[in-house]
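Thank you all for making time this morning. I would like to walk you slowly through one model, and I will begin with a term that we need before we look at the details.

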Number of protein chains: 2
Amino acid sequence: MAELTGVQKQYILHWGEMGTRWGINRTVAQIHALLYLSPKALPAEEIAETLSVARSNVSTSIRELETWGIVRAVHVLGDRREHYESMKDVWEMFRLVIEQRKRREIDPTREMLRRCLADLDPKEPGADYTRERLGAMAGFFEAVTELHDQMKQVPTGTVRKLLRMGTKVRKKAG
Amino acid sequence: MAELTGVQKQYILHWGEMGTRWGINRTVAQIHALLYLSPKALPAEEIAETLSVARSNVSTSIRELETWGIVRAVHVLGDRREHYESMKDVWEMFRLVIEQRKRREIDPTREMLRRCLADLDPKEPGADYTRERLGAMAGFFEAVTELHDQMKQVPTGTVRKLLRMGTKVRKKAG
DNA sequence: CGTTTCTTTCAGTACAGACTGAATATACAG
DNA sequence: CTGTATATTCAGTCTGTACTGAAAGAAACG
């Protein structure tokens, strides 16, 4: 993977762009794309060269990918350097990312909504309306959490089954 | 809504912060939060004052919220200014946002993956592996699209039903 | 029409976060 | 130990996006 083919470049650049739109660092996303396409684990040095970014930038970005659990370091016999490889199971990868983001963003929001509802002084102007709106939003986040907890326990293979069930429900409702 | 209560401030600030983490402009998110909590439609001027941002910034941000379909302008008798109000149905709001983001981000990614698979020259080094990886990723995006199309047609009330079905599937699988 | 009120556009500025490269730390071999 | 290879940290710089304020543009009145 010293030289990138046209298709690989296309994928990596798009993935980086996509990352920025979802609040994920462009370099982090690009490195992930590169590792995902690579049949073998790559040392940081090679990643830096291939993507034309600073070696230190790779170090930080790999750390981030590791905390998400979608990239890990492996060792190669006769080479002292760490080599990094990406998880290949796409569903599992997204599940992990979603789980992390839930923990970092959904959970704190849920917490904030609870605190708001608790802090809400019934005597302040429009308290009833505020409570109603905050309550609706809190309900949404509760449901999302419930949905996520269930998803966590559904094995990858079952996802397609769920998809088909969705179709049935739709037909009944329609 | 001339003065914000402590709880309102808390909600608006958190929502703005949350926005930035998902690639949504902080001001856009804050304005949405403000309108969501407001029992009556607000003129741009008042939004600008309440949030301490430039009047022009409000104009641009409202436009963005309007293209998502979660905020609309309404007219108040005896007032020439446009007043803006947020949709209150939380599920519907998120459905709209997800739909837009799918169109802007998921669809182009799906397209890119198709193009990559089409452009892939079988003679280039590691073509088989690349095809395998791109194929897996493409499959994921196809499934996500399918899931989204179904969701679009499920009425809000049915969502909780789906949640319960998820539980059943999990129990069978477990 | 001219005036007033409100809205949008846009060129310039400010700022947050990404990125770099030098310095530092760590691991290993001889 | 000493020297070398690799990894990490961090202060400073750079860049892209958000934001501002002034100016232009619409719309509503008299």
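When I say that a residue is near a strand, I mean that one of its heavy atoms lies within 4 Å of that strand. Please also keep in mind that what you see is a predicted model.

With that term in hand, let us take DNA strand C, and ask which element gives the most to the surface near this strand. The answer is α4(B), which contributes four residues. There are 15 residues around DNA strand C, and those that come nearest are Thr27(A), Ala54(A) and Ser56(A), together with Arg55(B) and Ser59(B). If we sort the surface near DNA strand C by class, we find seven polar and six charged residues, along with two nonpolar ones.

Which parts of the DNA does the protein meet here? Of the atoms of DNA strand C that lie within 4 Å of the protein, 72% belong to sugar or phosphate, and the rest belong to bases. Some individual pairs of atoms illustrate both kinds of approach. In the side chain of Thr27(A), an N or O atom is 2.8 Å from a phosphate oxygen of DNA strand C, and a backbone N or O atom of Glu82(B) lies 2.9 Å from a phosphate oxygen of this strand. Ser56(A), on the other hand, has a polar side-chain atom that lies 2.8 Å from a base oxygen of DNA strand C. The elements that give two or more residues to this surface are α4 of chain A, residues 55–68, and α4 of chain B, residues 55–67.

Let us now turn to DNA strand D. This strand is surrounded by 14 residues, and the closest of them are Arg55(A) and Glu82(A) from one chain, and Thr27(B), Ala54(B) and Ser56(B) from the other. Of the atoms of DNA strand D that come within 4 Å of the protein, sugar and phosphate account for 76%. A polar backbone atom of Ala54(B) is 2.7 Å from a phosphate oxygen of DNA strand D, while Asn57(B) places a polar side-chain atom 3.1 Å from a phosphate oxygen of the strand. For Ser56(B), a polar side-chain atom lies 2.8 Å from a base oxygen of DNA strand D. Two or more residues of this surface come from each of α4 and β3 (79–86) of chain A and α4 of chain B, and the largest share, four residues, is that of α4(A). By class, the surface near DNA strand D divides into two nonpolar, six polar and six charged residues.

How are the two protein chains related? Chain A can be laid on chain B by a turn of 180 degrees and a shift of 0.0 Å along the axis, with an RMSD of 0.0 Å, and the two copies are therefore related as by a two-fold rotation axis. The same surface serves both copies, since 100% of the contact residues of chain A recur in chain B.

One place where the chains pack together involves α5 (residues 90–119) of chain A and α6 (residues 127–153) of chain B, whose axes are 9 Å apart at an angle of about 60 degrees. These two helices, α5(A) and α6(B), are therefore oblique to each other. From α5(A) the contact takes Val90(A), Trp91(A), Met93(A) and Phe94(A), and from α6(B) it takes Ala136(B), Met137(B), Phe140(B), Phe141(B) and Ala143(B). By class, that contact has nine nonpolar residues, no polar and no charged ones.

Finally, within chain A, the axes of α4(A) and α5(A) cross at roughly 95 degrees and come within 9 Å, which makes α4(A) roughly perpendicular to α5(A). Glu64(A), Thr67(A) and Trp68(A) of α4(A) make this contact with Leu96(A), Val97(A), Gln100(A) and Arg104(A) of α5(A).

Terms used:
Residues numbered from 1 in each chain as written. Chains lettered and ligands numbered in written order. Predicted model: local features only at pLDDT ≥ 70, side-chain atom pairs only at ≥ 80, totals over all residues. Heavy atoms only, no water. Polar contact = N/O pair within 3.5 Å; in protein donor to acceptor, adjacent residues only side chain to side chain. Nonpolar A, V, L, I, M, F, W, Y, C, P; charged D, E, K, R; others polar. Least-squares fit on C-alpha atoms with pLDDT ≥ 70 in both. Contact = heavy atoms within 4.5 Å. Axes fitted to C-alpha atoms, helices over the stretch in contact; angles between N-to-C directions. Parallel < 35°, antiparallel > 145°, perpendicular 65-115°, else oblique.
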